[in-house]
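Please open the model in your viewer and keep the sequence panel visible. The tour below goes from one selection to the next and says what is there.

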Amino acid sequence: MGEIYNRRFEYEKALSIFKDALFKAECIEYKNGIVEGLSYIGILQLKLSNYKEVFKNLNLVEKYIERNKSSIENIHQYYLLKGEILIEVGLLKEAKEYLTKALKAYEKEENLLKLKIKEFLVFIKLIDEYGEINLEEYIEYIKSIASNYKNYSNKVDYIFSCAIILYDQGYIKYALRLVDYIYQDNWISSSDRVKLKEMYFKGLMFKGDQKLAFLYETLKLVEQVNMRKVQCRIYIRLGDYFNEAGQYNFAAYYYFEACEIIRDITEEIPSQ
């Protein structure tokens, strides 16, 4: 049930279910279930921008694995949690190592988690190895992963995530090609967490008043679903917009708001 809600981007409901599952696993001393529960809770807290809780769960699961090495059969969920956290703090090479370990656990099966791991490895490649990639070929690989999702929201979320990364790297032609791929097949999503990525991408692409309208609309949504890093990026884009327009007071306001989010997040991340 928790994974179903997670797949639907209903992270609060998924978190509640996994907390209940963890409690039951602890009651019967089901060690694999405890590792899985702690890891899933950490992943969901990361999606909800609760960084203090993320690192609390990471610490708990690492200590639990250390104490019970001989009796735990599978820690791939921990590898996934660690990989996602390392991506979040910008340690991409280290993240790739953990995600590759997680992927090996699913070599002989196809499921949503395997696709999510492949997604993260794509993000790392686009960010960390973008100058070395044949994008003509790699775009097709990105599409092939998307085609395996049965849920349209997962497809749209993944494609827009890739398109935003490509835009940030300066590959606007390829970003637009991915977005066209979505629109040709009429893929849509009812999830606000996915819709905001589409609106944010439009805020990047459009100019003038349209850019401003999409960025403000995205900001309204992101505040509702508590995605602080995305909110920070929107503030920076708004700051850039007003700076280029010579409206420096507005630019300074939005840059300051972005700095406040960065400070708050940084304070929640352990130094080690």
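A polar contact here is a pair of N or O atoms within 3.5 Å, where one must be able to donate a hydrogen and the other to accept it. The model is a predicted one.

**Stop 1: E3**

Select E3, which sits in helix α1. The side chain of E3 makes a polar contact with the side chain of Y40, at 2.7 Å. In sequence E3 and Y40 are 37 residues apart, and their C-alpha atoms are 9.0 Å apart in space. Leaving aside residues up to four places away in sequence, E3 touches F18, Y40 and L112. Is E3 buried or exposed? Its relative accessible area is 17%, and buried means under 20%, so E3 is buried.

**Stop 2: two loops with positive phi**

Move to F9, in the loop between α1 and α2. F9 is not a glycine, yet its phi is positive, about 70°. The relative accessibility of F9 is 6%, so it counts as buried.

Now select S49, in the loop between α3 and α4. S49 is another residue other than glycine with a positive phi, near 65°. With a relative accessible area of 4%, S49 is buried.

**Stop 3: H76**

Next, pick H76 in helix α5. H76 has 15% relative accessibility and therefore counts as buried. Show the side chains of A102, A105 and Y106: H76 touches these three, not counting residues up to four places away in sequence.

**Stop 4: the largest pocket**

Turn on a surface and find the largest pocket, with a volume of about 1100 Å³. Which residues are closest to its centre? Of the 40 lining residues, they are E88, F120, F123, S161 and K197. Colour the helices that give two or more residues to the lining: α1 (2–7), α3 (31–47), α5 (76–88), α7 (112–128), α9 (152–168), α11 (192–205) and α13 (228–244). Of these, α7 gives the most, with 7 residues. By class, the lining has 20 nonpolar, 6 polar and 14 charged residues.

**Stop 5: helix α11**

Select α11 and start at its N-terminal end, which S191 caps. A side-chain oxygen of S191 lies 3.2 Å from the backbone nitrogen of R193. For the length, put a distance between the end C-alpha atoms: they are 20 Å apart, which agrees with the 20 Å that 14 residues should span at 1.5 Å a residue.

Then show the buried residues of α11: R193, V194, L196, K197, M199, Y200, F201, G203 and L204. An α-helix has 3.6 residues a turn, so residues three or four places apart point the same way. The buried residues of α11 pack against α2 (11–27), α9, α10 (172–184), α12 (208–225) and α13.

**Stop 6: helix α13**

Finish with α13. Its 17 residues should span 24 Å at 1.5 Å a residue, and its end C-alpha atoms are 24 Å apart, which agrees. Which residues of α13 are buried? They are R228, V230, Q231, C232, I234, Y235, L238, G239, Y241 and F242. The cover over the buried residues of α13 includes α4 (51–67), α11, α12 and α14 (248–268). Just after α13, select G246, which takes a positive phi of about 80°.

Notes: Residues numbered from 1 in each chain as written. Heavy atoms only, no water. 1 Å grid on protein atoms, 1.4 Å probe; cavity = no way out; pocket = protein on both sides within 12 Å on 5 of 7 lines; lining within 4 Å. Points joined across faces, edges and corners; volume = space filled by probe spheres on them. Helix = DSSP H or I, 4+ residues; strand = E, 2+ residues; numbered from the N terminus. Nonpolar A, V, L, I, M, F, W, Y, C, P; charged D, E, K, R; others polar. Expected span 1.5 Å × (residues − 1). Buried < 20%, exposed > 50% of the residue type's maximum accessible area, 1.4 Å probe, protein only. Contact = heavy atoms within 4.5 Å.
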